[in-house]
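Dear colleague,

I am passing on the structure below, together with some notes on what I found in it. Please read the notes with the structure open beside them.

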Amino acid sequence: RRRAARASGHRSFWTGMADFTAPLPQAATASEAPPIGSRVRALLTRQFWVEAAEGLKGARATRLRYLVKSAINPLEFSRPTQAAVLMRIAANARAFWPVYVAVVMLPMLLWTLLSSTWLFAGTMLMIAIWTYAYFVRKDAPMLDLLGVPVPKMVACGGGSLLIMLVTGMISAFVWAVALGAAVALPHMVLHNGAPEATAEEEMQTLQPV
């Protein structure tokens, strides 16, 4: 009887600590998330671009217009003190990053891709691989590589990484991002950075009627 009671006590102890048979919340969220193939195909639908165009008319577009207006306003530039340089760089990089990406980073990346035949060919090959996997073979869960079934994400990701290593795309991207950051650095240092209250007031005046 004592052994039976001791065994039942051990079972109740371990059962009360954790129920490992119950699914985790992260697993449920991941299973409910749409696959990457459907998200990529959504980019080619008319509804996606209609919603994107409607989004440009809302608060996000108003915020972007305010950032552009503030970024090019000559009255908001001044020579900083030595102690304020790092604070300005951090604040302006956090506030004006959409402007830096759209005006500096993306043109640098596009110019880098088009300036080299290898980089352009590698980009086209990567687009072809992902298009074949998620559009031509959209119903197939696997891709056959030398007779071995491989998941689409693994095949496309591994192929893209190999292409970037062979064509030198990774180093080109790093160079483009570094050059873009160097171009944007003077603006980060010299711009005063508008306070949040002023930004909110300006956004209210820019709201469409």
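In what follows, a residue is called buried when its relative accessible area is under 20%, exposed when that value is over 50%, and partly exposed in between. Please keep in mind throughout that this is a predicted model.

To begin with the chain as a whole, there are 11 helices and 2 strands, and the order from the N terminus is α-α-α-α-α-α-α-α-β-β-α-α-α. Of the 209 residues in the chain, 22% are buried, while the accessible surface comes to about 15400 Å², with 70% of that area belonging to carbon and sulfur atoms. If one takes the contacts between residues at least 6 apart in sequence, 72% of them join residues that are at least 24 apart.

The helix I looked at most is α9, which covers residues 152-167 and therefore has 16 residues; from its first C-alpha to its last it reaches 22 Å, close to the 22 Å expected at 1.5 Å a residue. Its buried residues are K152, A155, C156, G159, S160, I163, M164 and T167. Viewed down the axis of α9, the buried residues fall within an arc of 155°, so they line one face of the helix. On the other side of α9, by contrast, V154, L162 and L165 are exposed.

What covers the buried residues of α9? The cover includes two helices, α8 (117-136) and α10 (169-190), as well as the two strands β1 (142-145) and β2 (148-151). After α9 comes G168, a residue whose phi is positive, near 75°.

Helix α8, which is part of the cover over α9, also takes part in a feature of the surface. L110, L114, F120, M124 and I127 make a nonpolar surface patch of about 480 Å², and the elements that give two or more residues to this patch are α7 (97-114) and α8. Of the elements involved, α8 gives the most, with 3 residues. One residue of the patch that may be worth locating in the model is M124, which lies in helix α8; because its relative accessibility is 39%, M124 counts as partly exposed.

Taken together, α8 is where the two parts of these notes meet, since this helix is among the elements that cover the buried residues of α9 and is also the element that gives the most to the nonpolar patch.

With best regards

Methods
Residues numbered from 1 in each chain as written. Predicted model: local features only at pLDDT ≥ 70, side-chain atom pairs only at ≥ 80, totals over all residues. Heavy atoms only, no water. Helix = DSSP H or I, 4+ residues; strand = E, 2+ residues; numbered from the N terminus. Buried < 20%, exposed > 50% of the residue type's maximum accessible area, 1.4 Å probe, protein only. Contact = heavy atoms within 4.5 Å. Areas by Shrake-Rupley, 256 points an atom, 1.4 Å probe, with all protein chains shown as cover. Expected span 1.5 Å × (residues − 1). Arc of directions from axis to C-beta. Patch = residues over 30% accessible without salt bridge, like charges linked within 9 Å, V, L, I, M, F, W, Y side chains within 5 Å. Salt bridge = Lys/Arg side-chain N within 4 Å of Asp/Glu carboxyl O.
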